[in-house]
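Me: Could you walk me through this structure and explain the words people use for it? I would like to see how each label is earned.

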Amino acid sequence: MEKVFYITTPIYYVNAEPHLGHAYSTVVADFLARWHRLDGYRTFFLTGTDEHGETVYRAALGAGEDPKAFVDRVSERFRRAWDLLGIAYDGFIRTTEERHRRVVQGVLQKVYEAGDIYYGEYEGLYCVSCERFYTEKELSEGLCPLHGRPVERRKEGNYFFRMERYREWLIDYLQTHPDLIRPEGYRNEVLAMLAEPIGDLSISRPKARVPWGIPLPWDEGHVTYVWFDALLNYVSALGYPDGEGYRIFWPHAWHLIGKDILKPHAVFWPTMLKAAGIPMYRHLGVGGFLLGPDGRKMSKTLGNVVDPFALAERYGKDAVRYYLLREIPYGQDTPVSEEALRTRYEADLADDLGNLVQRTRAMLLRYAEGRVPEPVAGEEVEEGTRLAERLRLLVRELKFHVALEEAMAYVKGLNRYINERRPWELYRKDPGEARAVLYRVVEGLRIASILLTPAMPDKIAELRRALGLKEEVRLEEAERWGLAEPLPIPEEAPVLFPKEAAPQRAGPGGSAEVKGPQGGRIGLEDFAKVELRVAEVVAAERHPNADRLLVLRLSLGNEERTVVAGIARWYRPEELVGKKVVLVANLKPARLRGVESQGMILAAQEGDRLALATVEGDIPPGAVVR
Ligand code: ME8
């Protein structure tokens, strides 16, 4: 049977700019789409914009614009935003499109003719920002629970959809389909909503008050209320009722939403589908809220939003994607901040993954003639071939943060493997074995890169190029050992996650700053700020762009550093390997002619002579120098 996957995001209101909360939902959907494509599924990924209704209408008037011009402009902002975050959607639907209007009117007519829509009078408490009526009970201290704004008492003639008629059916459906709504907690919330009568749903607004909407086909004096319009995007975009896309993809639909729109998706939408004779969707994934710096839901109304594009500009789009997927347990409310992003960037991406690639490349260039070595059996590294199956399960359960945690734990394991097997030492005794170790590391990286592709598509493509691996990948290739081919790697490759991309915090707590001597003398506390450590040179080469510089790879026992030193006039690279030198280990990284130097080594200089400060005797790398 053909594997098919259809994934949707909410269609976003165009009354404000996209923020990190929207970006999160869309990144999760893009991750799932890419994951399934990688796993051989025929995939359709839909996103779009919700352009009718009172809030949008008011926003347009507020901006002094014609509604159509306004929605065109803001919808375009969303599309640009998704481009900047590497979102590869297959379809983009706008509710002001003709193809959508036709479907909404067709479905309304059908449900009306079946007797499930009637005219009545509605009175209630209405929040203009939410575009919905609230019951007394739902308010928080008399205010809208989401926006903290006063609600208005309103009464008006509306058409109603007989939703209550389908309540028993829906309860039964949820009971026989326990994995329809996930995480589990939200399913229970929905069952609790359904335990009491849900009433009928108002599905229209008088055109006189809200002219910006799709007219009811049998009564031009009313336009469709926002949910009966918006929810149908999921089928109109596929060409319902007789389009090829609808036939292929609808039976496999997964909707992703935020918990704010649980009721419309878990109660309104299923009952609408049932009444219209459209089969149910397959799954509903419910995300929690991203919380702003003030601990409240990030929202345009509260004005506490984090701008995803500023972050993408500073750290790169893949770092933002990785951060959101790795940090947020799907379904839970989670605070987000640039600070937390920077920590992930430095620890996971620069220190673990980026560094692994850089040291592997340096060793391939030095010990394996710049090629991926001949394939060998896998040792403990081969356990990576079991990860894909495990991650499939985690992704299915929407546990993206655990999936990435496990993939990155494997990356950390590869760094440990290098530290334990020490190819730079092995090479002196048994070059063949050193190359075998390097092959396993490249294979490990090949496997990890496949698993990380959906989260960081561009960076992983770069990573694969840097190791001479082909760019096209399939998930099943992560399940087999020995596919890395013995090809040359490029001599030059950009640093994947440069540290200077992550701006340092200023002031106390930032990187140590050493002040110059005052009055010729410094106190012990000043000297103590300088962290000096024994470091062993494990590799050295000439700087690609500067004759007087050498690029050294130093081991501190449990970590490695790259240091650029201006000593090429006095030392040849090969005579440095094995020397134990003194490293200023807490110096801010600096970029020297395009190569990042993570510290500085000490040398004595007198006139034209220079000698490195080295350490005698049996002292291990990493030892503190005082
Ligand atoms: O509700 N944290 O559109 P909307 C996490 N047009 N996710 C957030 C978020 C936050 N702080 N803020 C927004 C609508 N979102 C309707 C949907 S669907 C047929 C119609 C995300 O622009 C989250 O996915 O208010 C939420 O459900 C969605 O944006 C709401 O977007």
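Below, each question takes up one label and each reply sets it against its definition.

Me: What should I know about the model before we begin?

Reply: This is a predicted model, in which local features need pLDDT of at least 70 and side-chain atom pairs count only at pLDDT 80 or more, while totals for chains, interfaces and linings use all residues. Residues are numbered from 1 along each chain as its sequence is written, and side-chain values use heavy atoms, with hydrogens and water left out.

Me: What makes a stretch of the chain a helix or a strand, and how many of them are there?

Reply: Both are DSSP runs numbered from the N terminus: a helix is H or I with at least four residues, and a strand is E with at least two. By that rule the chain has 20 helices and 26 strands. Its C-alpha trace spans about 95 × 65 × 40 Å along the principal axes.

Me: Why are helix 5 and helix 6 called roughly antiparallel?

Reply: Helix 5 (residues 167–176) and helix 6 (residues 184–194) pack at an angle of about 155 degrees, and their axes are 10 Å apart. The axes are lines fitted to C-alpha atoms over the stretch in contact, with angles from 0 to 180 degrees between N-to-C directions. Angles under 35 degrees count as roughly parallel, over 145 as roughly antiparallel, 65 to 115 as roughly perpendicular and the rest as oblique. Helix 5 and helix 6 are therefore roughly antiparallel.

Me: Which residues of helix 5 and helix 6 meet?

Reply: Arg-167, Leu-170, Ile-171, Leu-174 and Gln-175 of helix 5 meet Arg-187, Val-190, Leu-191 and Leu-194 of helix 6; contact means heavy atoms within 4.5 Å. Six residues in this contact are nonpolar, one is polar and two are charged. In that scheme Ala, Val, Leu, Ile, Met, Phe, Trp, Tyr, Cys and Pro are nonpolar, Asp, Glu, Lys and Arg are charged, and the others, Gly among them, are polar.

Me: How do you know whether Glu-141 is buried or exposed?

Reply: Buried means under 20% relative accessible area, exposed over 50%, and partly exposed in between (1.4 Å probe, protein chains only). Glu-141 has a relative accessible area of 80%, so Glu-141 is exposed. Its place is in the loop between strand 6 (132–134) and strand 7 (152–161), and its phi is near 50 degrees, a positive value in a residue other than glycine.

Me: And what makes Glu-379 partly exposed?

Reply: The relative accessible area of Glu-379 is 38%, so Glu-379 is partly exposed. Glu-379 sits in the loop between helix 13 (338–367) and helix 14 (387–396), with a positive phi of about 55 degrees although it is not a glycine.

Me: What makes helix 18 mostly covered?

Reply: In helix 18 (residues 457–466), seven of the 10 residues are buried. They are Pro-457, Lys-459, Ile-460, Ala-461, Leu-463, Arg-464 and Ala-466. Their cover includes helix 1 (20–38), helix 12 (317–327), helix 13 and helix 17 (431–452). Just after helix 18, Gly-468 has a positive phi of about 70 degrees. In the chain, buried residues make up 55% of the 626 residues.

Me: Where are the cis peptide bonds at Pro-183 and Pro-241?

Reply: One joins Arg-182 and Pro-183, with omega about -10 degrees, and Pro-183 is in the loop between strand 8 (181–182) and helix 6. Another runs from Tyr-240 to Pro-241, with omega near 5 degrees; Pro-241 is in the loop between helix 8 (233–236) and helix 9 (244–249).
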